[in-house]
Amino acid sequence: MADLDRLALAMPETTKEVSDDGRPSYLAHGKTFCVHRGPRRDAVDADTGERMTDVLMFRVDAEAKELILADPRGLYFTTPHFDGYPAVLVRIPRLAELDRDELRDLVVEAWLTRAQKRVARAWLAANEPPAG
C-alpha cells in the first residue's frame, strides 16, 4: 500500500482522500481512479463467506478489462456490480505479487482514464519512451 500511495500521488493533479475508517481513494482532477472499497455483498471471500474488507478498485480502459481479468495469476477479479463498468478489483495482500513496474503501470493506466486530456498528453510526452 505504501508503494501504491507513492505511485498514485506522483501523478499530476492527484489527491488522496481517506474515509473515516481509513480507506484511501485516489483522485485525478477530482475523479476517482483507485479506491479501497468498503465491504460489500458482491465481494465475498470464497473460503470464509465473509465480505472482503481488503479490495481495491482500479479504473481501466474498457477495452483492456477482459485482458486484465484473463491474467493467469488470478490477481484481478470483478463482481456483478462492475459488469459493464471499466474497473478491475484486486485484494490488497495480492499487491505484493506485482512488481513495482507492474503496479506503476496499473496506477498510470487507472490515472489516464480520469486525468484531463491535456494533463495526460503532457505527462505521456514527458514520461513514456518514444515509439519505434
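In the predicted model, Phe33 is a buried residue, its relative accessible area being 1%. A relative accessible area of 1% is likewise computed for Tyr26, which is also buried. A count of the aromatic pairs in the model gives 3. In the case of Tyr26 and Phe33, the ring centres are 6.5 Å apart and the planes meet at 40°, so the pair is classed as tilted. Such a description rests on two quantities, because a pair of aromatic rings is characterised by the distance between the centres and the angle between the planes.

The chain as a whole contains 4 helices and 6 strands, and these elements follow one another from the N terminus in the order α-β-β-β-β-α-β-β-α-α. For a chain of 132 residues, a compact globule would be expected to have a radius of gyration near 14 Å, and the value of 15 Å computed for the chain agrees with this expectation. Along the principal axes, the C-alpha atoms occupy a box of roughly 45 × 35 × 30 Å. Of the 132 residues, 39% are buried. Among the contacts with a separation of 6 or more, 48% are accounted for by residues that stand 24 or more positions apart. The exposed area of the chain comes to about 7,700 Å², of which carbon and sulfur atoms supply 51%. With regard to charge, the chain carries 19 positive and 23 negative charges, and the mean positions of these two sets lie 6 Å apart.

Attention then turns to the N-terminal helix. Helix H1 spans residues 2-9, and its buried residues are Leu4, Asp5, Leu7 and Ala8. The buried residues of H1 pack against four strands, namely E1 (14-18), E2 (24-28), E3 (31-36) and E4 (55-59), and also against helix H3 (100-112).

Two loop residues are notable for their backbone angles. Glu13, which is located in the loop between H1 and E1, has a phi near 55°, a positive value in a residue other than glycine. The relative accessible area of Glu13 is 37%, and the residue is therefore partly exposed. His29, situated in the loop between E2 and E3, also has a positive phi, near 50°, and is again a residue other than glycine. At a relative accessibility of 44%, His29 is counted as partly exposed.

The loop between E3 and E4 contains Arg41, which has a relative accessibility of 69% and therefore counts as exposed, the cut-off for that class being over 50%. Arg41 and Ala10 are 31 residues apart along the chain, and their C-alpha atoms are separated by 33 Å.

The loop between E4 and H2 holds Val60, a residue that counts as buried at 4% relative accessibility. When residues up to four places away in sequence are set aside, Val60 touches Lys65, Ile68, Pro86, Ala87, Val88 and Thr113. Between Val60 and Ala125, which are 65 residues apart in sequence, the C-alpha to C-alpha distance is 20 Å. Ala64 has its place in the loop between E4 and helix H2 (65-69) as well. With a relative accessible area of 23%, Ala64 is partly exposed. The C-alpha atom of Ala64 is separated by 9.5 Å from that of Ala87, a residue 23 positions away along the chain; Ala87 is also one of the residues that Val60 touches.

Beyond helix H2, the loop that leads to strand E5 (76-77) includes Asp71. The relative accessible area of Asp71 is 18%, and because the buried class comprises values under 20%, this residue is counted as buried. Apart from residues up to four places away in sequence, Asp71 touches Tyr76 and Glu102. Glu102 falls within the range of helix H3 (100-112), the helix against which the buried residues of H1 pack, and Tyr76 falls within the range of strand E5 (76-77).

How values were computed:
Residues are numbered from 1 along each chain as its sequence is written. This is a predicted model: local features need pLDDT of at least 70, side-chain atom pairs count only at pLDDT 80 or more; totals for chains, interfaces and linings use all residues. Side-chain values use heavy atoms; hydrogens and water are left out. The radius of gyration is taken over C-alpha atoms; the globule rule is 2.2 Å times the number of residues to the power 0.38. Buried means under 20% relative accessible area, exposed over 50%, partly exposed in between (1.4 Å probe, protein chains only). Contact means heavy atoms within 4.5 Å. Accessible areas come from the Shrake-Rupley method with a 1.4 Å probe; for residues, only the protein chains shown count as cover. Lys and Arg count as positive and Asp and Glu as negative; His and the chain ends are not counted. The place of a charge is taken as NZ of Lys, CZ of Arg, CG of Asp or CD of Glu. Rings of Phe, Tyr and Trp (its six-membered ring) pair if their centres lie within 6.5 Å; planes under 30 degrees apart count as stacked, over 60 as edge-to-face and the rest as tilted.
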